[in-house]
Amino acid sequence: MKKLYIFALIIFAASTVNAQKHIHNKCLEGKISLNKDLFSFDESKYQEKSSFSYDVKYYRLNLLFEDINNKYVAGEITTYFKTKTSGFNQISFDLADNMSVDSIIFRQNKIPMSSITYTSDELTINLPITIANGIIDSISVFYQGIPDPSGGFGSFIQGSHSGTPIIWTLSEPYGAKDWWPCKQSLNDKADSIDVYVTNENVYKAASNGLLISETTQSGMKTAHWKHKHPITAYLIAVAVTNYSAYSDNVILTTGQNVEVLNYVYPEDLSYAQNNTPNVLDVIQLYSDLFIPYPFYDEKYGHAQFGWGGGMEHQTMSFMVGFSHGLMAHELAHQWFGDFVTCGSWAHIWLNEGFATYLDGMTHEHNLSGGDDFDTWKSDRINVVTSQTGGSVWVNDTTNVNRIFSGRLSYYKGALVLHMLRKIVGDDAFFQGLQNYLTDPNIANGYAMTSDLQAHIEATYGSSLEYYFNDWFYGEGYPIYNIIYSQNTPGNINVKINQSQSHNSVDFFEMKVPVKFHGASQDSVIWFNNTSNGQQYIVNLGFTVTSVEFDPNNDIVSTGTTVLKVGTLKDAIRSFISPNPANEEIKVNFIEKIKPEKVNIIDYTGRIIKSFEQENNASYIFKYDIKDLPRGLYFISFKQEGKTVSKKFIKN
Ligand SMILES: [Zn+2]
């Protein structure tokens, strides 16, 4: 899913004719009320209650919208399930309490309502028999009501466009149960689904998979959609309005023909027809980089809706408009999010970080028609580093705004993938991702971050534990201070100091790109930076005129300083942090020194405070300034007849 953020508005406003009227951030609507037992999990996959001890094999959704001017649905949901425990005599579904359950049919018989408990958004049915372990059976729930999403993105919306009514659903993350009885977990996909949607004859219903038929009876139309791939509950969706329909097609280089079916508002038809073909090259790109589009035997599709963004419903993304970035993002989810779904909302970056990064790859491959890749990365680095903390790992899955944090789950997630790629190299990165997508334990199912780590480690051939600890669980980013000198032409001495924006990470072990510019040539060196203050000698073969940190915006970092010194032994070169300071200043020297005298001097030149001679030579000295009044000061060091003063502010 892609929310619209303030920083994304320009993209959509520029390329989406009807975006303006829709732009609003639904994500600020508030927190959704949750069943914490079910969804507030951390690393372990959701432990099922005994009444949920079944595998969903199949859902048949039979939905009736009598009049889409009204927010109302009546349905019959048939679930085929396979028991996972012996003595199975009770089955539960997630269903919001405000929906009314009319009847339940099991083996052709009605279940007495006295056998049903329905509370806390959980419908529990006591079966008249006990089913043995490993048996497939089915049950049908008839229900109706006015879905009343309590938060999130509004899982079931009745609205209008140009005066025409529309109903659409958007269940991610916790809203499927708002409008249909299902097993709303992140560890059980139905193997296949049928979706029958009945509505007034003048409208068309969009849904997952292939359109098998549209039949009319008594002024009502029934669309039958069939999807024969595993699918999780939140990715099942319907939208109904007066759609105009047309298809684009792409034949992949691997031979598969992929139909892209577009259901668009009639008033936006020519706009859509001008833009949706742009997704065809992107289907080819992702198929080349990873695996062929996973649902090529059915279709890909877009269905226009009124939410301010897009939602990657499997084989049929719902779209506010058809900007390149939004189409590329939602398409990417078909691989990362739909074919392989995050196994926990704490790991949503496996959906959103990937979808964001794959959109970035359309810039890298010059398909976007927009910014170049370096600019694309830079814009996202700026957003990520606009705050000093925050992890890609979602530390509160009860907070929908936190799950879908644009800065963390989307942008930092994407850049963490990019930096991982730079560390392991393209071969290991892309081969690892192909292995991840085709792992039989993951494909058509769910993944955790440890699964991604294991596959990249396998192709890289080395542990990446440190990287995932720093960048997935850890917060913040590194801040670099790079010092260099060139005493002899061709040879350059480089020292890389690093501090961290957040104390959850001691040190980011990174490959740090530095570009050395010369009069007629330049060179980018990736330094393997494994400790603070690490020094390198590089034989460049040319005289350096300037040095540039991270020339292509490959590192999540900000505030880098680059300092040229005559020689690394020139110990009087130093820098102070923090500055301003109020408790202590840290003075960092380029070379170990042992100052003979250290004074703090005020702006009139008066010595305010003196410190005794240090016993040991060191790079770093710390001085207590708590007792100084606020103001401007200098700290002076004397060594071997030389004195150097550094200015700092006490606040
Ligand atoms: Zn997304």
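Strands here are DSSP runs of E at least two residues long, and helices are runs of H or I with at least four, both numbered from the N terminus. The model shown in these close-ups is a predicted one.

**View 1. Asp-121 and Arg-107, two loop residues with positive phi.** Asp-121 sits in the loop between β6 (116-119) and β7 (122-131). Its phi is near 60°, positive even though the residue is not glycine. Arg-107 does something similar with a phi of about 50°, this time in the loop between β4 (100-106) and β5 (109-110). Most residues other than glycine have a negative phi. Buried or exposed? Asp-121 has 21 other C-beta atoms within 10 Å, so it is buried. Arg-107 has 11 within 10 Å, so it counts as exposed.

**View 2. Two cis peptide bonds, each leading into a proline.** Going from Glu-172 to Pro-173, the peptide bond is cis, with omega near -5°. Pro-173 belongs to the loop between β10 and α4 (176-179). The other cis bond runs from Asn-579 to Pro-580, with omega near 5°, and Pro-580 lies in the loop between β30 (574-577) and β31 (584-593).

**View 3. An open sheet of 4 strands.** Read across the sheet, the order is β9-β10-β15-β12, and the pairing is antiparallel. Why do β9 (156-161) and β12 (204-206) each have a side without a neighbour in the sheet? They stand at the edges with a single partner strand apiece, so one side of each is left free of a neighbour there. From one strand to the next, the twist averages 20°. Zoom in on β10 (residues 164-169) and β15 (residues 239-241), and you find 2 bridges joining them. Trp-168 has Ala-239 in β15 as its bridge partner.

**View 4. Helix α11 packed with helix α14.** The axes of α11 (residues 406-424) and α14 (residues 465-473) are 11 Å apart, at an angle of about 160°. That makes the two helices roughly antiparallel, and their crossing is right-handed. From α11, Val-416, Met-419, Leu-420 and Ile-423 meet Tyr-467, Trp-471 and Phe-472 of α14. The contact is made of 7 nonpolar residues, with no polar and no charged ones.

**View 5. Val-598 in strand β32 (residues 597-602).** Val-598 has 19 C-beta neighbours inside 10 Å, so it counts as partly exposed. Beyond its neighbours within four places in sequence, Val-598 touches Ser-610, Phe-611, Ile-635 and Phe-637. Ser-645 is 47 residues away in sequence, yet its C-alpha is 9.6 Å from that of Val-598.

Note on methods. Residues are numbered from 1 along each chain as its sequence is written. This is a predicted model: local features need pLDDT of at least 70, side-chain atom pairs count only at pLDDT 80 or more; totals for chains, interfaces and linings use all residues. Axes are lines fitted to C-alpha atoms, for helices over the stretch in contact, and angles run from 0 to 180 degrees between N-to-C directions. Angles under 35 degrees count as roughly parallel, over 145 as roughly antiparallel, 65 to 115 as roughly perpendicular and the rest as oblique. A crossing is left-handed if the near helix is turned anticlockwise from the far one by less than a right angle, and right-handed if clockwise. Two residues are in contact if their C-beta atoms, placed from the backbone, lie within 7 Å. Ala, Val, Leu, Ile, Met, Phe, Trp, Tyr, Cys and Pro count as nonpolar, Asp, Glu, Lys and Arg as charged, and the others, Gly among them, as polar. Two strands pair if DSSP finds at least two bridges between them. A residue is buried if 20 or more other C-beta atoms lie within 10 Å of its own, exposed if 12 or fewer, and partly exposed in between; C-beta atoms are placed from the backbone.
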